[in-house]
Amino acid sequence: MTGHRTAVIAGIGTALPPQVVTNAQVIARGGLETTDEWITTRTGIHRRRLAAPDVSTGDLATAGARAALAAAGPAAPRPDLLLLATTTPDRPCPATAPEVVHRLGLGPLPAFDLAAVCSGFLYALITATALVRAGSCRAPLVVAAEKYSAIIDPADRDTAPLFGDGAAAVLLRPGETTEPGAVLATDWGSDGGGSDLIAVAAGGSRLPVTGGLGPEDRYFRMRGRQVYAHAVRRMAASAGTALAATGWRPEEVRAFVGHQANQRILDAVADRLGIPEPSRFGNIREVGNTAAASVPLALADAAARGACPPGSPALLTAFGGGLTWASATLLWPQAPVCAADPEPRPSLGRLQEVGTP
């Protein structure tokens, strides 16, 4: 794949809440019957970041997007589209993305939320890359942001130790498939037959938020054992498809970044593919599972550390609720990485009824 137009990563930004929460604190908060050792050995997670009550997904997204723009610098093209991958929008309606654009001062850009749960960033990256290749836009800003602490039951041992909050973003520009940061082959898919395996039951038209709902309806729930099997199989197959389309052998991959769901899942996918251990990058130990934001946060962490030479073969893959999955091959970016602290926006309050003062 040489000499063709594609999307190239021009800048990477992150936004993580300052509050660090250890496994011991998660256990104490929820009265969980588990131990720090059990969580660490089963998931690979030691700590995570949790946003303050007055910090929303939109706040995290705005900070992450602003950091990506700062990283790209003044020479980068001005964004002409914003995609926000999230499971935890500020409100069911309207989408959070247009408000992020407004807060960034970018003008009347097209902007929309994209919901593919933990596959969200790669779904958004694939969409944005297709638009760049088609000439429909030149500089899409792809943002992934989550505040899972807003939908997690602190007393649920299956989910409370896993999730954290955070955001990351990449600014794309048109370029050649030979450049560092170039997105090459992609693969994605879904299976709605497993939609109940990872879900928040209430809040939509099927089960509106009304009185009488129990925790099982209001909070995020996941059937861990079934999800594990689907995640390993789907990510490995999708990643294999993307590798084959690029013409790379697994042993050629110098940077493998999988969805930071569980260290066992990451290891199982990499083992099944045959990715060498030195090429496996992640930060699940420090930030936990940040859903849609997990892949770009891990990408940013490795890029900031200089873990891989620019232009090296890289593979991204993710799996999430829906069920959804996606993968992409790219040349490891040369783009700089910036971090920002999220700042809360004052609440907009409730809308008044039409006709009231």
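**Thr 40 and the two largest pockets**

Thr 40 is buried, with its relative accessible area coming out at 18%, and since the cut-off for buried is under 20%, it falls on that side of the line. The model is a predicted one, and in it Thr 40 sits in helix α2, which runs over residues 36-43. Its side chain reaches back to the backbone oxygen of Asp 36, at 2.9 Å. Setting aside the neighbours within four places in sequence, the contacts of Thr 40 are Asn 23, Ile 45 and His 46.

Now for the pockets. The largest one holds about 970 Å³ of space. Its lining takes in 30 residues, with Thr 87, Pro 89, Val 200, Ala 202 and Gly 203 lying nearest the centre. As for secondary structure, β5 (111-114) and α6 (215-218) are the elements that give two or more residues to this lining. Sorted by class, the lining of the largest pocket comes to 15 nonpolar, 8 polar and 7 charged residues.

The second largest pocket has a volume of about 660 Å³ and a lining of 29 residues. Nearest its centre are Leu 162, Met 222, Gly 224, Arg 225 and Asn 262. Helix α2 turns up again here: along with β10 (220-222), α7 (224-246), α8 (263-273) and β13 (313-320), it supplies at least two residues of the lining. The largest share, 6 residues, comes from α7. By class, the lining of the second largest pocket splits into 17 nonpolar, 7 polar and 5 charged residues.

Key: Residues numbered from 1 in each chain as written. Predicted model: local features only at pLDDT ≥ 70, side-chain atom pairs only at ≥ 80, totals over all residues. Heavy atoms only, no water. Helix = DSSP H or I, 4+ residues; strand = E, 2+ residues; numbered from the N terminus. Buried < 20%, exposed > 50% of the residue type's maximum accessible area, 1.4 Å probe, protein only. Polar contact = N/O pair within 3.5 Å; in protein donor to acceptor, adjacent residues only side chain to side chain. Contact = heavy atoms within 4.5 Å. 1 Å grid on protein atoms, 1.4 Å probe; cavity = no way out; pocket = protein on both sides within 12 Å on 5 of 7 lines; lining within 4 Å. Points joined across faces, edges and corners; volume = space filled by probe spheres on them. Nonpolar A, V, L, I, M, F, W, Y, C, P; charged D, E, K, R; others polar.
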